[in-house]
Amino acid sequence: MSKEMVALDQIDRKIIKALQDNARLSSQELSERVGISTSPCWRRVKALEEAGVITRYVTLVDPESLGLSISIFTNVSLDKQIETALETFQKAVRKRPEVMECYLMTGDFDYLLRVVVGSLHDYERFLLDHLTKIPGVASIKSSFALKQVKYTTALPVS
C-alpha cells in the first residue's frame, strides 16, 4: 500500500535536509539553519514526525569498526511467486541482522538483499544455516562488493 505524499514547503524541506545531515542538532541550531525561530521550528519538526515524514532518528556506525567489512549483494529466486511464499521469505529475512536491506524485485530474480558480515565464513554460515533453509528458495546468486564508491542515507531534498 502506497503512502500519501505530504505537501512540504521550503522551510519543511530545509528542516528535513538539515536533520538528514545531523539529527543531533539542537532546536536552537536547527532553527538558525532554516531561518525561523525555535518554537515554530520545533512545531514543524513535531508535525513532520506526526505526518510520518520523519520516521525515526538513528546513529550511523562505521561497519569496519565493528569488523563487518564484507558487503554482499544477494539475488534470491523463489520456486513460486505466490503470496504465502513471498510472506514466508520476507518474514524470515526480517529476522536476520546481517540483512541490511531487502527488496522485492522485477526481472530475473525475486529479491535483492544487501548482507553485511565480517568474513566469508560468516556469509557461508548465513547461507547454509539460514537463507537456504527458508522454504521456497530456489536459487541464490551472490556478488561481493569490492569497494564502496558512494553511500548515503540522505534522500535528495530540493
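This passage walks through the overall fold and the nonpolar cores of a predicted protein model. Local features were taken at pLDDT of at least 70, side-chain atom pairs only at pLDDT 80 or more, and totals for chains, interfaces and linings from all residues. Residues are numbered from 1 along each chain as its sequence is written, and side-chain values use heavy atoms, with hydrogens and water left out.

The protein has 5 helices and 4 strands, counted as DSSP runs (H or I, at least four residues, for helices; E, at least two, for strands) and numbered from the N terminus. Starting at that end, the order is α-α-α-β-α-β-β-α-β. The radius of gyration is 20 Å, well over the 15 Å that the globule rule gives for 158 residues, so the protein is more spread out than a compact globule. Here the radius is taken over C-alpha atoms, and the rule is 2.2 Å times the number of residues to the power 0.38.

As for the inside, 26% of the 158 residues are buried, meaning under 20% relative accessible area with a 1.4 Å probe, protein chains only. The largest nonpolar core (buried Ala, Val, Leu, Ile, Met, Phe, Trp, Tyr and Cys joined through side-chain atoms within 4.5 Å) holds 19 residues, and Val76, Leu78, Phe89, Leu113 and Leu131 touch the most other members. Strand E1 (70-78), helix H4 (83-94), strand E3 (111-117) and helix H5 (120-129) each chip in at least two residues. Beyond its neighbours within four places in sequence, Leu78 has contacts (heavy atoms within 4.5 Å) that include Phe89, Tyr111 and Val137. Apart from this core lies another, of 12 residues, among them Leu25, Cys41, Leu48 and Ile54.

How values were computed. Buried means under 20% relative accessible area, exposed over 50%, partly exposed in between (1.4 Å probe, protein chains only).
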